[in-house]
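Let's take a friendly walk through a protein model, one feature at a time. Keep the 3D view open while you read.

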Amino acid sequence: MRDTIFALSSGAPPAGVAIIRVSGPQVRFVLETILGEVPQPRMARLAKLRDASGEVLDHGLSLFFPSPHSFTGEDVAELQIHGGRASISAVLSRLSDLPGLRHAEAGEFTKRAFENGRMDLTAVEGLSDLIRAETEAQRKQAMGQAVGVLGSLYSGWAHKMTHARAMVEAELDFSDEDDIPGAVSDRIWPEMQALLDEMKQHLSRARAGEIVRDGFRIALIGPPNAGKSSLLNALAKRDVAIVSDIAGTTRDIVEVRLDIGGHLVLVQDTAGIRSSEDQIELEGIRRSLRAAEEADLVLELRDATAIDTAVDAIAGANPNNLLLLTKSDLRQLEFETTGSEVFSISAKTGAGIDLLMEEIKKRIGQNHAGAGEALPTRDRHVQYLKTCVAEAEKAVRGRILPIEVRSEYLRNAATALGRITGRVDVEDLLGVIFSEFCVGK
């Protein structure tokens, strides 16, 4: 018999209420032993929790969710008790003394939900992201994934491919049957082309989903004393980085996590870029350049007081970056953008910071998923989707290939989707054929 597991499912004590969850075949036994009864399904019941001698441990609410209509798909009980450390400890100790019960491992309730078919892997990942969500955008994306939006999309695609295989193989294997229409493939392959286009469009938006989950990365780049650390502190509205007139003060990446317009933004202060023979500083500069390569937006800072002309200010500026002329409280420069966007700011007075923030929000919006948009959020999603698209394209483009080969490519594509959701099964093609064409009547 499978173990029955239990654990504290609410936050760390002390708290107003603590929720202890129990899942497994012995849940009814647990309730009868500790409460003296099994509550009506899905109805809260006030009860006394007792130890082995009958002494009351605590008063609380009990809930019972019978299998399969529970989070894990097993019998589940929730005990809502007072959130003091002593009360929680007493109830957990009581549960651990019962035969067949053990403390749950990390993530084991969700693992059982997956094993019992209550969730697919994308929903499991969405639930994990929902728990860790820091911003509104992360919450919305994770919530959609947790309730199965992404899994349903991929399962729907896999079903279409399975159906297409069934149709083309039906034409091949049962061509002498009156119930099988001719030239099925003439209709199937245009449908597969449309599906392929849809999958390519979905894959092209993968970066937007990753940005919501992992954050929009901004790298602050520039020579020493350009004001990078001061800008980081101004954006964070607190002292995050050490500010000094001594060149080379920042030698490693200093990162701060911000919520800008409901989106997670990771701002990285980097070592000043200059010629140096100091090996430690050179390593910091190398990391600065790598941060710029990996960033979604690079803010290139120049000290306005150290620039001779406006032409010098914009020379070499990357059109894909934002050029910031800092310390505008000490010197204002007139300039033309010549294709690069230039902002004049002062971290000391706050001048220009609001305009910079609006530009950052605009850049995030250009790379952000739309409301309710189902997008891949992890690298493993992207890798399997690339495999799926590649195999499906072989099937659609392979007009001169034998039908069996094209069908196999579709099978490979559907298998890649199944690996994303964690539900790779042997497809029963005959079942599909019988339902569609009444073969074998």
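This is a predicted model, and our walk starts with a pair of helices. H4 and H5 are roughly antiparallel to each other, because their axes cross at roughly 150° and angles over 145 degrees count as roughly antiparallel. The two axes come within 7 Å, and the crossing is left-handed.

Which residues of H4 and H5 meet? On the H4 side they are Thr 122, Ala 123, Glu 125, Gly 126, Leu 127, Asp 129 and Leu 130, while H5 brings Arg 139, Ala 142, Met 143, Gln 145 and Ala 146. Sorted by class, the residues of this contact are six nonpolar, three polar and three charged.

**A pocket that H4 helps to line**

H4 has another part to play, in the second largest pocket, where it supplies five residues, the largest share of the lining. This pocket holds about 420 Å³ of space. Of its 18 lining residues, Ala 106, Gly 107, Glu 108, Thr 110 and Ile 131 are the closest to the centre. Strand E1 (4-8) and helix H3 (108-115) join H4 (121-132) in supplying at least two lining residues each.

**An enclosed space**

How many cavities of 30 Å³ or more does the structure hold? There is one. The largest cavity contains about 30 Å³ of space, and its lining is made up of Thr 135, Ala 137, Ile 211, Val 212, His 263, Leu 264 and His 368. Helix H8 (206-214) and strand E9 (263-269) are the elements that give two or more residues to this lining.

Here are the two linings by residue class:

| Space | Nonpolar residues | Polar residues | Charged residues |
|---|---|---|---|
| Second largest pocket | nine residues | five residues | four residues |
| Largest cavity | four residues | three residues | no residues |

**Details in the backbone**

Now zoom in on some loops. Between E1 and strand E2 (15-23) you will find Pro 14, and the peptide bond leading to Pro 14 from Pro 13 is cis, with omega near 0°. Another cis peptide bond joins Ser 67 and Pro 68, with omega about 0°. Pro 68 sits in the loop between strand E4 (56-65) and strand E5 (76-83).

Where does Asn 225 lie? Look in the loop between strand E7 (216-221) and helix H9 (228-236). Although Asn 225 is not a glycine, its phi is positive, at about 60°.

Technical notes: Residues are numbered from 1 along each chain as its sequence is written. This is a predicted model: local features need pLDDT of at least 70, side-chain atom pairs count only at pLDDT 80 or more; totals for chains, interfaces and linings use all residues. Side-chain values use heavy atoms; hydrogens and water are left out. On a 1 Å grid over the protein atoms alone, a cavity is a set of points where a 1.4 Å probe fits but cannot get out, and a pocket is an open set with protein on both sides within 12 Å along at least five of seven lines; lining residues have an atom within 4 Å of a point. Grid points are joined across faces, edges and corners, and a volume is the space filled by probe spheres set on the points. Helices (H or I, at least four residues) and strands (E, at least two) are DSSP runs, numbered from the N terminus. Ala, Val, Leu, Ile, Met, Phe, Trp, Tyr, Cys and Pro count as nonpolar, Asp, Glu, Lys and Arg as charged, and the others, Gly among them, as polar. Axes are lines fitted to C-alpha atoms, for helices over the stretch in contact, and angles run from 0 to 180 degrees between N-to-C directions. Angles under 35 degrees count as roughly parallel, over 145 as roughly antiparallel, 65 to 115 as roughly perpendicular and the rest as oblique. A crossing is left-handed if the near helix is turned anticlockwise from the far one by less than a right angle, and right-handed if clockwise. Contact means heavy atoms within 4.5 Å.
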